[in-house]
Amino acid sequence: MTKIKVGIIGLGEVAQMVHLPILESLSELYEIVALCDISPKLLAKIGEKYRVEHLFLNMSDMLEQSELDAVFVLNNMEYHTDCTVAALKRNVHVFVEKPMCVTPAEVHEIIQARDASSAQVMVGYMRRFAPAYLQALEEVKTLGPIIYARVRDIIGPNQFFTRQSSPIYRFNDIPVEAVQDRKERNARLMREAIGELPDDMYGAYGLLLGLNSHDISAMRELIGMPIGVRAASAWLGGRFKNAIFEYEGFNVTFETGMDQQGRFDAHIEVYGENKSILVQYDTPYIRQLPTTLQISETIGDSFDQSTVRPNYKDAYVVELEYFHEVVSKGTLPKTTPEDYLQDLIIFRMIMDAIQK
């Protein structure tokens, strides 16, 4: 198989817990040739751990001085557009973690750069690659008319899981000016996205971009785009939210929040008249915890329930195998910038409803 040469931009939690170990395990598909991070100590530590010699504090230097087929954009969302566009200008394929960006204008900038290049952009929505979810896409077609659906994502701190599974390297050597620049960028992008609003509304939108982009993206692929948002509310500084999505012939309840409980409760359930399916996710920070598909069906006097786990293959692994085909075979990814734009449209619907 074609071995893809990749550079990694951003060496934080998701890179350390997920992408770097998987890329190393898929050594027949990928070769990590360059790393980039603004923390010199973290850069040196991860470079040593993964035996990567080409280390950069600046993504522009990495793109100029490395021969790359693809980059993984895993840094803070405020810089995703800059990194993605810079790579595309060099015809380098991009895997960008969600949220791809903050504003619709950024989406269009990325699309324009992609269309002017010979490279593709794939957004990291690993839940949509879980084997159980892929089976759910087929099962939902057997429900008949949908009469209701629920989308839920209430979780505890990521650190509850990471500190019990593997260490995350963090250093306090990030330049002060970089911290300030991120803060200023975030404030500007939030204003561009949803206007001049109180800080708790920016908190609510930030959670939609971060945690809930997973939920909304998976919902869209499973049952389509909603017509609108009938009602929505947010409290605790935007940390908890709920909404009612309107579809043709049915509504969907959405609820989300982050507390201090050591559990991860994320699922999508879709109801037909005589059959329902539920996709249950577990924390992605402990790999190989399976996503399951629960099927309930009534036939005559019989009520049957079953739980399906197609295999123990990690959703991230399936996703990165898929990205290899995008790069090596020219496959059009299903999680495109255009696909991501639909999430931003729904997020804006929610924010508008919260403010009514």
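How many disulfides does a search of the whole structure find? The exercises below work on a predicted model, in which local features need pLDDT of at least 70 and side-chain atom pairs count only at pLDDT 80 or more, while totals for chains, interfaces and linings use all residues. Residues are numbered from 1 along each chain as its sequence is written, and side-chain values use heavy atoms, with hydrogens and water left out.

**Exercise 1.** Search the structure for disulfides, then check Cys83 and Cys101.

Solution. Step 1: apply the cut-off, a pair of cysteine sulfur atoms within 2.5 Å. The search of the whole structure returns 0 disulfides.
Step 2: take Cys83, which is in no disulfide; its nearest cysteine sulfur belongs to Cys36, 7.2 Å away.
Step 3: take Cys101, also in no disulfide, for which the nearest cysteine sulfur is that of Cys83, at 13 Å.
Step 4: classify exposure, where buried means under 20% relative accessible area, exposed over 50%, and partly exposed in between (1.4 Å probe, protein chains only). Cys83 has a relative accessible area of 3% and is buried. Cys101, at 0%, is buried as well.

**Exercise 2.** Describe the surroundings of Asp265.

Solution. Step 1: locate Asp265 in strand β11, residues 264–271; strands are DSSP runs of E with at least two residues, helices runs of H or I with at least four, both numbered from the N terminus.
Step 2: why does Asp265 count as buried? Asp265 counts as buried because its relative accessible area is 18%.
Step 3: list the contacts (heavy atoms within 4.5 Å). Not counting residues up to four places away in sequence, Asp265 touches Arg152, Asp153, Ile154, Ile155 and Gln280.
Step 4: look for a polar contact, a pair of N or O atoms within 3.5 Å; within protein, one must be able to donate a hydrogen and the other to accept it, and residues adjacent in sequence count only if both atoms are side-chain atoms. The side chains of Asp265 and Arg152 are joined by one of 2.6 Å.

**Exercise 3.** Place Ser118 and find its contacts.

Solution. Step 1: Ser118 sits in the loop between α5 (104–115) and β6 (121–124).
Step 2: the relative accessibility of Ser118 is 56%, so Ser118 counts as exposed.
Step 3: leaving aside neighbours within four places in sequence, Ser118 is in contact with Asn91 and His93.
Step 4: Ser118 and Lys89 are 29 residues apart along the chain, and 9.1 Å separates their C-alpha atoms.
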